[in-house]
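The following note is offered to a colleague who is meeting this structure for the first time. The points are numbered so that each may be checked against the model in turn.

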Amino acid sequence: MSEFFKEIPKIQYEGPGSKNPLAFKYYNPEEMVGGKKMKDHLRFSVAYWHSFCGAGADPFGVGTMIRPWDDIADPMEKARARVRGAFELFDKLGIEYFCFHDRDIAPEADTLTETNKRLDEIVQLMKEHMKATGVQLLWGTACLFTHPRYVHGASTSCNADVFAFSAAQVKKAMELTHELNGLGYTFWGGREGYDTLINTDMKLELENMARFLHMATDYKKEIGFKGQFYIEPKPKEPTKHQYDFDAATIIGFLRANGLDKDFKLNIEANHATLAGHTPEHELRMARINGLLGSVDANEGDLLLGWDTDHLPTDVYNTTLIMYEILQAGGFATGGLNFDAKLRRPSFEPVDLFHGHIAGMDAFAVGLKAAHKLLQDGPIENFIAERYSSYKSGVGADIVNNKVGFKELEQYALDHGPIQNGSGREEMLKSIITQYILESR
Ligand code: XUL
Ligand code: CO
């Protein structure tokens with residue numbers, strides 16, 4: 001299957017000794033890690049928008065990406081070519097999942113009816129490729145932010161006609177995801193937020209956002225779509241204040257609106273850092289609330305500070321991310337979706353392969369290190385010991401809700417000077433370094 005990326009071979013695992021840039025050094029899909037194949041732990045997915053649609057434009061210049069379908073003028077012919085190109089790339093990288101927005105796969109036409117017809121055609125083509133290759137749709141979504149109609153948001157727009165159009169668009173995107181047996185459907189807030197309160201009815205906007213998600217949940221039941229709904233936190237960009245700021249904000253929002261049984265979270269690493277958190281913080285917050293669903297695997301640039309969506313290469317991060325995923329019992333419906341793009345100067349088609357190889361190898365290292373860390377238990381043992389005062393005596397009384405302020409005051413009066421132990425952050429970091437380097 002070589003139509004577009006003719007120079008690129010099927011990427012093979014060659015091991016850490018290999019100097020071949022078009023080979024995996026650490027990602028060995030069939031290798032067993034703790035009774036499960038590496039590929040089944042990691043469940044890599046390609047993001048259609050970045051890899052097949054992203055042109056590389058920035059505020060100072062036009063797109064630079066060279067793609068094999070660039071010369072095709074007819075937009076639907078181009079859309080068909082992209083599907084073939086996408087499946088060629090999945091096959092060559094051995095990636096078994098992908099994600100898309102409705103507008104990534106088929107260009108919007110003048111009317112909604114015509115737009116939906118175009119979507120139906122491309123979805124049938126995708127269906128054939130999925131059947132032939134076994135590649136699955138990790139999740140679908142609707143793009144409710146690019147078109148100028150969404151200038152004030154979608155479900156949180158001040159304009160009810162926009163709310164209605166958004167509903168129509170999500171209805172269709174859910175139907176397409178269902179048609180493709182998608183494992184999930186993601187809601188990312190797009191422009192669901194505001195730039196200034198002096199023109200904003202925040203209460204109505206938040207109520208409408210909840211109303212919209214309830215409508216989606218109702219429609220999901222109506223069509224019998226069994227995939228998992230995800231909501232993806234992001235604190236800023238494009239609006240200054242996004243309503244889905246971070247995991248904790250979304251968890252509160254879902255609970256306040258009776259939606260927490262119907263959604264899980266899709267955590268994106270770069271969105272976490274934009275919110276002033278680490279990715280593992282966001283994953284932990286979702287996990288301990290039973291809401292960890294999927295991951296948009298990327299990396300920010302802390303020196304730049306915006307949503308740079310780098311392909312992830314920092315093995316310290318991938319280790320801590322996989323540590324959370326493994327502790328959650330692994331992915332159920334979710335996976336590691338490379339919501340990540342190449343740098344603007346990395347414009348050749350081969351860079352798409354280098355970028356994904358880099359990300360896959362980094363996560364393979366992270367998986368093995370995290371697995372070994374959990375197996376040997378240096379971190380968990382340390383944490384258990386650090387909190388051991390809650391296992392007996394007054395600590396046990398506290399966690400068993402047996403005492404109140406009066407009893408605790410008496411305890412404090414009766415007991416001598418308090419003694420604390422070291423948090424040993426540096427020792428633990430040194431252990432993590434050792435596990436990363438040894439688990440290759
Ligand atoms: C935007 C972002 C989106 C969502 C899907 O920052 O992450 O690509 O993942 O709409
Ligand atoms: Co994302």
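1. In this predicted model, Phe98 is a convenient place to begin. Leaving aside its neighbours within four places in sequence, Phe98 is in contact with Ser45, Val46, Tyr48, Phe87, Phe90, Met126, Met130, Val135, Gln136, Leu137, Leu138 and Trp139.

2. Phe98 also belongs to the largest nonpolar core, which has 108 residues. Together with Phe187 and Leu265, Phe98 is among the residues with the most contacts inside that core. The element that gives the most to this core is helix H12 (residues 349–376), with 11 residues. Another core, of 8 residues, lies apart from it and includes Cys99, Leu138, Trp139 and Tyr230. In soluble globular proteins, nonpolar side chains tend to be buried together.

3. The structure holds 3 cavities of 30 Å³ or more, and the largest has a volume of about 190 Å³. Which residues are the closest to the centre of the largest cavity? Of the 19 that line it, they are Leu144, Phe187, Trp188, Gly189 and Glu192.

4. As to the make-up of that lining, 12 residues are nonpolar, 5 polar and 2 charged. Strand S8 (184–188) and helix H7 (202–223) each supply at least two residues of the lining; S8 gives the most, with 4 residues.

5. How many disulfides does a search of the whole structure find? The result is 0. For Cys99, the nearest cysteine sulfur is that of Cys53, 13 Å away. Cys99 is buried, with a relative accessible area of 0%. For Cys158, which is likewise in no disulfide, the nearest cysteine sulfur is that of Cys143, 18 Å away. Cys158 counts as exposed, at 63% relative accessibility.

6. Some backbone features deserve inspection. Most residues other than glycine have a negative phi, and most peptide bonds are trans. A cis peptide bond, with omega about 0°, joins Glu237 and Pro238. Pro238 lies in the loop between strand S10 (228–232) and strand S11 (241–242).

7. Arg43, a residue other than glycine, has a positive phi, near 45°. Arg43 sits in the loop between helix H1 (38–42) and strand S5 (44–47). Is Arg43 buried or exposed? At 13% relative accessibility, Arg43 counts as buried.

8. Asn181, although not a glycine, has a positive phi of about 55°. The loop that holds Asn181 runs between helix H6 (160–179) and S8. Asn181 is exposed, with a relative accessible area of 60%.

Technical notes: Residues are numbered from 1 along each chain as its sequence is written. Chains are lettered from A and ligands numbered from 1 in the order in which they are written. This is a predicted model: local features need pLDDT of at least 70, side-chain atom pairs count only at pLDDT 80 or more; totals for chains, interfaces and linings use all residues. Side-chain values use heavy atoms; hydrogens and water are left out. A nonpolar core is a set of buried Ala, Val, Leu, Ile, Met, Phe, Trp, Tyr and Cys residues joined through side-chain atoms within 4.5 Å. Buried means under 20% relative accessible area, exposed over 50%, partly exposed in between (1.4 Å probe, protein chains only). Contact means heavy atoms within 4.5 Å. On a 1 Å grid over the protein atoms alone, a cavity is a set of points where a 1.4 Å probe fits but cannot get out, and a pocket is an open set with protein on both sides within 12 Å along at least five of seven lines; lining residues have an atom within 4 Å of a point. Grid points are joined across faces, edges and corners, and a volume is the space filled by probe spheres set on the points. Ala, Val, Leu, Ile, Met, Phe, Trp, Tyr, Cys and Pro count as nonpolar, Asp, Glu, Lys and Arg as charged, and the others, Gly among them, as polar. A disulfide is a pair of cysteine sulfur atoms within 2.5 Å.
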